[in-house]
Amino acid sequence: MDEIINKVANSSLEVFDLEDYYPKGIRTTIDISQWLIEGLLLKEKDFREDLKNHDWSHYQGHYVAIECSTDAIIPAWAAILVTIQLVPFAKKIINGSLEDLEGSLYEELLSKIDYSTYKGKSMIIKGCSRMPVPMRAYVLAATYLQPFAKSIMYGEACSAVPLYKESKK
């Protein structure tokens, strides 16, 4: 009987796994609607008082997304005022959803990588992940890898989808 050879393990493919860059830490959403009258109306004096009385230390070391879950029209300064309260405690603060937060974290991290180490290599951007890797991170990874990689695929080595192949000059 012939020996089974793992062609994937023996290939020159290099896996770019976005989970390797996933920042550890607690993600939290702060919903501004909790401080609005019936979730819709912002009364400035009450809003400021509520923020003043809120225990912001609960967000120590958190990554925080500030959003409003209702259809309320709130002034821009409301999210900024919440941000001002969070700055002494949170690691990062964004205005948007948790997915926006994840995208922002990846944008920051992926921009700091030296992609020249992937020069001339065949790359697979790993597709399956246990962590919440947003589509924005995959798009950024492809953007940063393309100027250096010989080829880029997406997925798993056993079933990768070709995305890019360097043109022969």
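**Two sheets and a ring cluster**

Strands E6 and E7 pair in the antiparallel sense, over four bridges. One place to find this pairing is serine 151, which stands opposite lysine 165 in E7. Before I go on, please keep in mind that this is a predicted model.

These two strands belong to an open sheet of four strands, in the order E1-E5-E6-E7, and the pairing in that sheet is mixed. Its edge strands are E1 and E7, the latter covering residues 161-165, and each of them pairs on one side only. On average, neighbouring strands here are turned by 25° against each other, with direction ignored.

Which helix packs on this sheet? Helix H5 does, touching E1, E5 and E6, and its direction makes about 170° with that of E5. H5 spans residues 135-145, and its buried residues are Ala137, Tyr138, Leu140, Ala141 and Leu145. Seen down the axis of H5, those buried residues fall within an arc of 165°, so they line one face of the helix. As for what covers them, the list includes E1, H4, E5 and strand E6, which is residues 151-155.

Now the other sheet. This one is also open; it has three strands in the order E2-E3-E4, and the pairing is parallel. Strand E2, residues 27-31, and strand E4, residues 92-95, stand at the edges with a single partner strand each, so one side of each is left without a neighbour in the sheet. Neighbouring strands in this sheet are turned by 20° against each other on average, again ignoring direction.

Strand E3, residues 63-67, is joined to E4 by four bridges, and the two run parallel. If you want a residue pair to look at, valine 64 stands opposite isoleucine 93 in E4. Across E2, E3 and E4 lies helix H3, residues 76-86, running at about 160° to E3.

One side-chain contact to show before the rings: the charged end of arginine 48 sits over the ring of tryptophan 77, at 5.6 Å from the ring centre.

That brings me to the aromatic residues. Counting ring pairs with centres within 6.5 Å, the model has 11 aromatic pairs. Take phenylalanine 16 and tyrosine 21: their ring centres are 5.4 Å apart and their planes are at 25°, so the pair is stacked. Is phenylalanine 16 buried or exposed? Its relative accessibility is 1%, and it counts as buried. Tyrosine 21 is partly exposed, with a relative accessible area of 26%.

Phenylalanine 16 has another ring partner, tyrosine 115. Here the centres are 6.1 Å apart and the planes are at 35°, so this pair is tilted. Where do the two residues sit? Phenylalanine 16 is in strand E1, residues 14-16, while tyrosine 115 is in the loop between helix H4 (98-110) and strand E5 (122-126), so the pair ties together parts that are 99 residues apart in sequence. Tyrosine 115, at 5% relative accessibility, counts as buried.

These rings are part of a cluster: ring pairs link Phe16, Tyr21, Tyr115, Tyr118 and Tyr144.

To go back over it: there is a four-strand sheet with mixed pairing, on which H5 packs. There is a three-strand sheet with parallel pairing, and H3 lies across its strands E2, E3 and E4. Phenylalanine 16, in strand E1, is one of the residues in the ring cluster.

Definitions and conventions:
Residues are numbered from 1 along each chain as its sequence is written. This is a predicted model: local features need pLDDT of at least 70, side-chain atom pairs count only at pLDDT 80 or more; totals for chains, interfaces and linings use all residues. Side-chain values use heavy atoms; hydrogens and water are left out. Rings of Phe, Tyr and Trp (its six-membered ring) pair if their centres lie within 6.5 Å; planes under 30 degrees apart count as stacked, over 60 as edge-to-face and the rest as tilted. Buried means under 20% relative accessible area, exposed over 50%, partly exposed in between (1.4 Å probe, protein chains only). A charge sits over a ring if NZ of Lys or CZ of Arg is within 6 Å of the ring centre and within 35 degrees of the ring normal. Two strands pair if DSSP finds at least two bridges between them. Axes are lines fitted to C-alpha atoms, for helices over the stretch in contact, and angles run from 0 to 180 degrees between N-to-C directions. Contact means heavy atoms within 4.5 Å. The arc is that of the directions from the helix axis to the C-beta atoms.
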